[in-house]
Amino acid sequence: MKRAVSLLVLALATPAFAQTPQRIEIPYTQFTLPNGLRVILHEDHTVPMATVNMWYHVGSARELPRRTGFAHLFEHLMFMGSGHVKPGQFDEWLEASGGDNNGSTETDRTNYWINVPATSLELALFLESDRMGYLLDTMTPKTVDAQRDVVKNERRQSVENRPYGTADVVLGEMLYPEGHPYHWPVIGYMDDLTAASYDDVVAFFRKYYAPSNASLVVAGDLDLAKTRTLVEKWFSDVKPAAPPEPVTIPGAALTKVEKKTITDRVQLPRLYDAWLTPRHFEPGDAALDMVADILAGGKNSRLYKRLVYDLQIAQDVSAFQASAALSSSFQVVATARPGHTAAELQKVIDEEIQKLQNEAPTEHELERSVNQIESSFYNRMERVGGFGGKADQLNGYYTATGDPDFFNEDLARYRALSVSDVRAAAAQFLPLDRRVELTVEPEKKP
């Protein structure tokens, strides 16, 4: 932690562009097993811990219309036992060894990680390999039905019964046409989860959860030669499968302002503005991160200052570039204060976006954003396992670019930006006449 703080202090004390860039060094070894599994090993002897991080290159974007929610369903099924691990033993054995684990699903990937003391690395590799190679040996219609009910209840909690929870679902449907892989929510639709047969679920697993459609990172306090031997021991017997066929992606474009108002059991109106923007790592993607930070990145940002402090018409405001593999979206989200309307918020938001489109931000604003991004990069280097740790980042960069060690190239995207680049991105990618405007209003009392 001290290293990250000292770097941030230096960044604040000296103009960002006068510094010699700090190069991130993450040495790794890479190899591929005969069954197609890509393996990346990274040594970090800071603490006697190790992590096993598996990315399957499948998410909700590889589902089909009327067959949604499968990728997220498997996020649950993968913890319910496999050929040599009885139900309940996965967590029981890990907890007994002092380890922990988790997983997550997004549009383009599903990931799982296991953190253990370095002495329990073989246990983690065994558990991860067993659910890859032998999950179907113990999965039954009863198991699928039980986890289907868990996922449906999760959807009720996170979508139907959460304040403003349906907004993200509606936004996806407004931004992307029917048939586009980003049209439906990651968690899926209730009707699709109910209608899915056991055979449908098995077929999805056989197609996407094969070694050749995955990448494994093992990182931490480990010996490279011994770890490679253990990986080969536990994963080499997992049977290969044919790679999934490419999917056809329909085009997505906004040609006008698409407006919609929905109601929810909430107290205050909330406004969502959204645009279709360049894919992750494409030109414009990094600049839009900077646009988001200048508009709403903290209490000194332009929208926060005007909406929350000066005019006091908003409770909160945020902006972000939601980068993804097939298409990205840029969003501005603001919640009105009591007595104020979404239309009031929209007027101020448009004024600030137009101002940024016409006048470049100050050098100070740009430097602040670059410094914050650099600080975030260095802070993430201090964790090996879990979500966002070095193992997760190595796997993420490999999946997105084919290069696990893409840290410096990623950071260079931001260091190379000028104030005119940020203005140009706002002007090109945030047209006020081609976007989605979604308003969530409180339900009227009877």
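Why is α14 largely enclosed by the rest of the structure? Keep that in mind while touring this predicted model.

**Start with the sheet.** Select the six strands of the open sheet and read them across as β1-β2-β6-β3-β5-β4. The pairing is mixed. Now pick out the edges: β1 at 29-32 and β4 at 100-105, each paired on one side only. Across the sheet, neighbouring strands are turned against each other by 15° on average, direction ignored.

**Zoom in on β4 and β5.** Select residues 110-117 for β5. Six bridges join β5 to β4, and the two strands run antiparallel. For one pairing, click Asp 100, then its bridge partner Asn 115 in β5.

**Add the first helix.** Show α2, residues 70-77. This helix packs on the sheet and touches β4 and β5. The direction of α2 makes about 170° with that of β4.

**Move to α14.** Select residues 390-401. Helix α14 also packs on the sheet, where it touches β1, β2 (38-43), β3 (49-56), β5 and β6 (214-220). Its direction makes about 25° with that of β3. Check the span: 12 residues reach 16 Å from first C-alpha to last, close to the 16 Å expected at 1.5 Å a residue.

**Back to the opening question.** Nine of the 12 residues of α14 are buried, so the helix is largely enclosed by the rest of the structure. Colour the buried ones: Lys 390, Ala 391, Asp 392, Gln 393, Leu 394, Asn 395, Gly 396, Tyr 397 and Tyr 398.

**Last stop.** Step just past α14 to Gly 402, which takes a positive phi of about 85°.

Notes:
Residues numbered from 1 in each chain as written. Predicted model: local features only at pLDDT ≥ 70, side-chain atom pairs only at ≥ 80, totals over all residues. Heavy atoms only, no water. Pairing = 2+ DSSP bridges. Helix = DSSP H or I, 4+ residues; strand = E, 2+ residues; numbered from the N terminus. Axes fitted to C-alpha atoms, helices over the stretch in contact; angles between N-to-C directions. Contact = heavy atoms within 4.5 Å. Expected span 1.5 Å × (residues − 1). Buried < 20%, exposed > 50% of the residue type's maximum accessible area, 1.4 Å probe, protein only.
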